[in-house]
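Please open the structure in your viewer and keep the selection tool at hand. The tour below moves from the whole chain to a group of aromatic rings, and then to one helix.

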Amino acid sequence: MPTPHLSPMPDVPSPRSTSPTAGEQHWLIGELHGTVANFAQIYFIPSAGIGLWLFAVLALADLPAALSGLAASVAASCLAIALRLPREQRRSGLLGYNGALAGIAFGALWQPDATFAAWLAVCVCLTVFTTVLLARYRLPALTGPFVGVMALTWAAQPWLTLLPRSGALACDTGTPGFVFCSVGQVVFVAPLVLGLLTWYLLALWNLRATLWALAAGVAVWSGIAGLATAWPAMAGQAGGIGVNAFLAALGLGLFHRRPAVRFVGAVLASVLCIALGQALSSLGWPYFTLPFNLAVWIVLGATAQRHRPASP
């Protein structure tokens, strides 16, 4: 009689393998984190949690701008996925924050219609492509792609004929609250209270860098208040100076530059605001955050030698 052999037990799939949707859900959650992190990365923060809070603040200040920013953020994330760009860069918001900022700007400045949606989609694609291109040359993208598509939009406005929204509120330069208001104005948030809340969210992530950026903002505000009468051009560019000086100081801090260098960057951004404001005034073109980009690129280039790692 032949010896009976036990038939092998069928493989019992593990709980994880029984549900292929588990991996898909994990992937989807990661990509959604990246979509929300796009809002935080505008302020150099790779956090979905902070990004969600910033989106909520923006929605309180200007719901149409928040919604168009969200749509642009989703579009940028989808394009990055389709192009198979690095996952970590997608999920930290590095590839989509310029697109999100462009969407916020569109919603704050113009009324939505079919042309608005189509052109915004084009601009979002351009921001992603430009960010990737700058990375290949090891140049920090900052908000350069955003500035580029906004300049292109301004140049194409005679053909696009986007309908403007009612004028946005500006920051009051007569009080120290101007410093906090400028923080919110980076994403077109004007009310002082919401600007203060935005600053608080930044401080939760990196208190030291945010405090130094605030100190630079206070110094710039003092200069505006002191020189407004003698130098009217400075007073006329106060809003742009506040935004760009704060971003320059914050950005240089996150690039590990010393406080003195951050103040130099803030002052340089302020001077560039005045120069660009006068140069572009005849065209009626805003410079957005171009002074911040130029100031940070110049300072990073000038101080790069000191921050290179020592050769082994």
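Throughout this tour, a residue is called buried if its relative accessible area is under 20%, exposed if that area is over 50%, and partly exposed in between. Please bear in mind that the model is a predicted one.

Begin with the whole chain shown as a cartoon, where the secondary structure comes to 15 helices and zero strands. If you colour the 312 residues by burial, the buried ones make up 46% of the chain. Switching to a surface, you are looking at about 16,100 Å² of exposed area, of which carbon and sulfur atoms supply 69%. Among contacts between residues at least 6 apart in sequence, 73% join residues that are at least 24 apart.

Next, select the aromatic side chains, among which there are nine aromatic pairs. For one of these, display tryptophan 110 and tryptophan 154, whose ring centres lie 5.4 Å apart with their planes at 50°, so that the pair is classed as tilted. Tryptophan 110 sits in the loop between helix 6 (97-109) and helix 7 (114-136), whereas tryptophan 154 belongs to helix 8 (residues 144-160), and the pair therefore ties together parts that are 44 residues apart in sequence.

Are these two tryptophans alike in being buried or partly exposed? Tryptophan 110 counts as buried because its relative accessibility is 6%, while tryptophan 154, with a relative accessible area of 24%, is partly exposed.

Keep tryptophan 154 selected and add phenylalanine 288: the centres of these two rings are 5.8 Å apart and their planes stand at 75°, so this pair is edge-to-face. Here, too, distant parts of the chain are linked, since tryptophan 154 is in helix 8 and phenylalanine 288 is in the loop between helix 14 (259-280) and helix 15 (290-303), 134 residues away. Phenylalanine 288 has a relative accessible area of 16% and is therefore buried. To see the wider setting, extend the selection to Phe106, Trp110, Phe116, Phe146, Trp154 and Phe288, which form one aromatic cluster.

Finally, select helix 13 (residues 238-254) and place a distance marker between its end C-alpha atoms, which are 24 Å apart; at 1.5 Å a residue its 17 residues should span 24 Å, so the two values agree. This helix is mostly covered, with 15 of its 17 residues buried. Moving on past helix 13, stop at histidine 256, which follows the helix and has a positive phi, near 65°.

Terms used
Residues numbered from 1 in each chain as written. Predicted model: local features only at pLDDT ≥ 70, side-chain atom pairs only at ≥ 80, totals over all residues. Heavy atoms only, no water. Helix = DSSP H or I, 4+ residues; strand = E, 2+ residues; numbered from the N terminus. Expected span 1.5 Å × (residues − 1). Buried < 20%, exposed > 50% of the residue type's maximum accessible area, 1.4 Å probe, protein only. Contact = heavy atoms within 4.5 Å. Areas by Shrake-Rupley, 256 points an atom, 1.4 Å probe, with all protein chains shown as cover. Phe/Tyr/Trp six-rings, centres within 6.5 Å; stacked < 30°, edge-to-face > 60°.
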